[in-house]
Amino acid sequence: MLGAVDHRETAFSPRAFREIYKFIAGREPDRIAITQEAQVKLGGLVTGTPGGVQTNRPVAGAAVEIYRVSPDTGERIGAAIHGSQSAEDGRWGPAEVDPSWYLEIVLASAGSTTTHFYRSPFPRSSDIVHLRAARPLGPADAGAGAIVLMSRPRGYFGLPRDVVLLDGKEPADVKSGVPTDSVATLRLSTAETGRGVAALFNQERIVARAWPASENRITVAELTY
């Protein structure tokens, strides 16, 4: 039992890492912080959402682009630093990035929502940066100029346990009490399309750009921690 650590955090949190390490190694870990690499290579699988249903089946021919972005505004810094198509087995990459760069990863594939993922810097290389298009636009999105999702795949949002702010406010669709929500949704007007939106979870802050829903695009601020 790890107290306020939620279901997913029992696998991914620093506190859980400490307990797992102690059990295997028989001693305390030398460090909890991630040791940064000088050069980082990223890759993974593209999987699908046919008909809005999430699957782990690979998607071939999906376009993957990566941009370095400003941590303060989410705006792109220069041209794409990576561009490729997923192979028959769904694999994309490798892409070489600096461990200090905030990133925008754009995923586009036939029949799916073009998804703009905004991520904190990757301190180490990984070949399991798996990409899956965001859900299709639905009736609840009708009339929205832009849709921004704040997503925490490796844990839940716990209120009042955590500081959870999307565009400066606690998301209305995150319930208080036992942590059960890992995604929050913000819908913006057409006039607000293109501006930066800050997603803050405890000490991790990501600024994403609100892409136009009229172009079948969704923005995802994907938290690492």
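1. Helix α2 spans residues 14–25 and contains F23. In this predicted model, F23 is exposed, with a relative accessible area of 76%. The cut-off for that label is over 50%, so F23 qualifies. Together with I20 and I24, F23 makes up a nonpolar surface patch whose accessible area totals about 390 Å².

2. On the overall fold, the protein has 2 helices and 13 strands. Its C-alpha atoms occupy a box of roughly 55 × 40 × 35 Å along the principal axes. The radius of gyration is 18 Å, while a compact globule of 225 residues would have one near 17 Å; the two agree.

3. Contact range and burial come next. Taking contacts between residues at least 6 apart in sequence, 62% link residues at least 24 apart. Buried residues account for 42% of the 225. The protein exposes about 11,800 Å², and 54% of this comes from carbon and sulfur atoms.

4. The largest nonpolar core has 24 residues, and the members that touch the most others are L42, V46, V64, W92, L107 and L131. Two or more residues each come from β1 (40–47), β2 (63–69), β4 (91–97), β5 (102–108), β8 (146–151) and β13 (217–222). A separate second core holds 21 residues, among them V148, M150, A184 and F201.

5. V46 deserves a closer look. Which residues does V46 contact, leaving aside its neighbours within four places in sequence? The set includes V64, W92, L107 and L131, each of which is also listed among the residues with the most contacts to other members of the largest core. The remaining partners of V46 are R57, P58, V59, A62, S86 and G90.

6. Is E222 buried or exposed? E222 sits in strand β13 and has a relative accessible area of 12%. Since the limit for burial is under 20%, E222 counts as buried. Beyond its neighbours within four places in sequence, E222 is in contact with F117, Y118 and R119, with S151, P153 and R154, and with I206. Strand β13, where E222 is placed, is also one of the elements that give two or more residues to the largest core.

7. For inspection of the model, F23 and E222 make a convenient pair: F23 of helix α2 is exposed at 76% relative accessible area, whereas E222 of strand β13 is buried at 12%.

Conventions:
Residues are numbered from 1 along each chain as its sequence is written. This is a predicted model: local features need pLDDT of at least 70, side-chain atom pairs count only at pLDDT 80 or more; totals for chains, interfaces and linings use all residues. Side-chain values use heavy atoms; hydrogens and water are left out. A nonpolar core is a set of buried Ala, Val, Leu, Ile, Met, Phe, Trp, Tyr and Cys residues joined through side-chain atoms within 4.5 Å. Buried means under 20% relative accessible area, exposed over 50%, partly exposed in between (1.4 Å probe, protein chains only). Helices (H or I, at least four residues) and strands (E, at least two) are DSSP runs, numbered from the N terminus. Contact means heavy atoms within 4.5 Å. Patches are made of residues with over 30% relative accessible area and no salt bridge: like charges are joined within 9 Å, nonpolar side chains (Val, Leu, Ile, Met, Phe, Trp, Tyr) within 5 Å. Accessible areas come from the Shrake-Rupley method with a 1.4 Å probe; for residues, only the protein chains shown count as cover. A salt bridge is a side-chain nitrogen of Lys or Arg within 4 Å of a carboxyl oxygen of Asp or Glu. The radius of gyration is taken over C-alpha atoms; the globule rule is 2.2 Å times the number of residues to the power 0.38.
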